[in-house]
Amino acid sequence: MDGTEGSAGQPGPAERSHRSSVSSVGARAADVLVYLADDTVVPLAVENLPSLSAHELHRAVREVLQLPDIALDAFALWLVSPLLEVQLKPKHQPYKLGRQWPELLLRFTDAPDDDVAMDEPSLQFRRNVFFPKRRELQIHDEEVLRLLYEEAKGNVLAARYPCDVEDCDTLGSLMCPVRLGPYLPGLPTACALTEKLDSFLPAHLCKRGHGLFAALRGRGAKAGTGEQGLLNAYCKVKEAGDGEHGASLSTHYRAYLLKSHELPFYGCAFFHGEVDKPAQGFLHRGGRKQVAVAISLEGVHVIDSREKHVLLGLRFQELSWDHTSPEEEESVLWLEFDGDNEGTPVNKLLKIYSKQAELMSSLIEYCIELNQTSEPAASQENVSGTPSAAGAPPPPIQRPQLRRQGSVVCSRLQHLSTIDYVEEGQQIKRVKPKRTTSFFSRQLSMGQGSYTVVQPTDSLEQG
């Protein structure tokens, strides 16, 4: 079971209750409501709901929506509430997990008892965390593309996917043709964008000024910074349109997904946690900050829940990890990675306090296993596909990770409190320039830029 907890603002479906997902209509029949990414509902009349598996419900949703076979891999069923998000395995029984929801909350969250008693999940049809981005680019069915587009859009607008202003403008502009149609000079497009700005940009970019400056800006009849950037990007989308009526919806959905793929945490599962702040001030006070831990097939990102920027981003080749769950202390996910301390190479240890540490550790391990099993198949496809049809389009070019100075997707290690040591025997010592040991045996040390590890020592016990 892959459980995640989103600390960013949840979309509408996350606030639904379990009672709105299941209602009894007879002795053996029940109506099940499955929510899609755009908050629409798929009603299902099912028999023997308590024994029904997620795989069977998934198949029923696909049949109602008339989705192609690729949807079996692209989507999964989730149980979602404001306190916890759980992707279900095909063998899981959603009704029984819904009945066990309070136990799951007590085990994997720090929610107060009153919140646990009131919280009930809804059943959602979402993107599968284990579906590779490269396979998304092979999808041609418009409805599948639309569902993926709606979910990505919701994560961007809710700021679960932190984005730079330039990327928000670009992503917003790719939504404009879907909502407003192709850009046509002379139409009151700016007014339409102003009225619906929060439909295209995250809330923090839609805030308007007040008082004298806002009044002066209103007299000038100029769009705000967010509006103007969005409008400029919208004009460029028109130039890429196909013919007089612009591109098809599938083309816009695909363009939005392609841009979203540049975000390193696209398609991640989100977990809630806390990290130590660096000691500051005369009294060296630190404290903790809330973070969202985003885990995908590509790596781990620790995101500042308040500031909406990345604190640490690591590919699996760049880290070693473990989790500890002492009986009388907090559960911790440990991330170990290369760094330097005043010019000296060191192992950096980051402590992420979370009752979901066990879930995060298991998900990291499973993602690495999937990558290792899928790499030979992917390379075989490339070898066998190179000499094929001359008219076929070239494979998509691997886009580099965003590297803007000060980008929200760049790591900010200065905002983290890490331990720059390794374990040698029973002692904690500063690491020497060339490491000969690592805390953790759980790691992926293959490929370029891999994390340098030789042999692990005893398990970590220090807090």
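**Close-up 1. Arg 107 is partly exposed and pairs with Glu 358.** The relative accessibility of Arg 107 is 47%, hence the label partly exposed (buried is under 20% relative accessible area, exposed over 50%, partly exposed in between, with a 1.4 Å probe and protein chains only). Glu 358 is also partly exposed, at 36%. The two form a salt bridge, with their closest N and O atoms 3.5 Å apart (a salt bridge is a side-chain nitrogen of Lys or Arg within 4 Å of a carboxyl oxygen of Asp or Glu). This pair links distant parts of the chain: Glu 358 lies in helix α13 (residues 357–385) and Arg 107 in helix α4 (residues 101–108), 251 residues apart. Helices (H or I, at least four residues) and strands (E, at least two) are DSSP runs, numbered from the N terminus.

This is a predicted model: local features need pLDDT of at least 70, side-chain atom pairs count only at pLDDT 80 or more, and totals for chains, interfaces and linings use all residues. Residues are numbered from 1 along each chain as its sequence is written, and side-chain values use heavy atoms, leaving out hydrogens and water.

**Close-up 2. Arg 146 meets Asp 38 in a salt bridge.** The N to O distance is 2.8 Å. Arg 146 sits in helix α7 (residues 142–157), while Asp 38 sits in the loop between β3 (29–35) and β4 (41–47), 108 residues away. Arg 146 is buried at 16%; Asp 38 is partly exposed at 24%.

**Close-up 3. Glu 150 and Lys 153 pair within helix α7.** Their closest N and O atoms are 3.0 Å apart. The two residues are three apart in the helix, so about one helical turn separates them. Glu 150 is buried at 14%. Lys 153 is buried, with a relative accessible area of 14%. Salt bridges with shared partners join Asp 38, Glu 143, Arg 146, Glu 150 and Lys 153 into one network.
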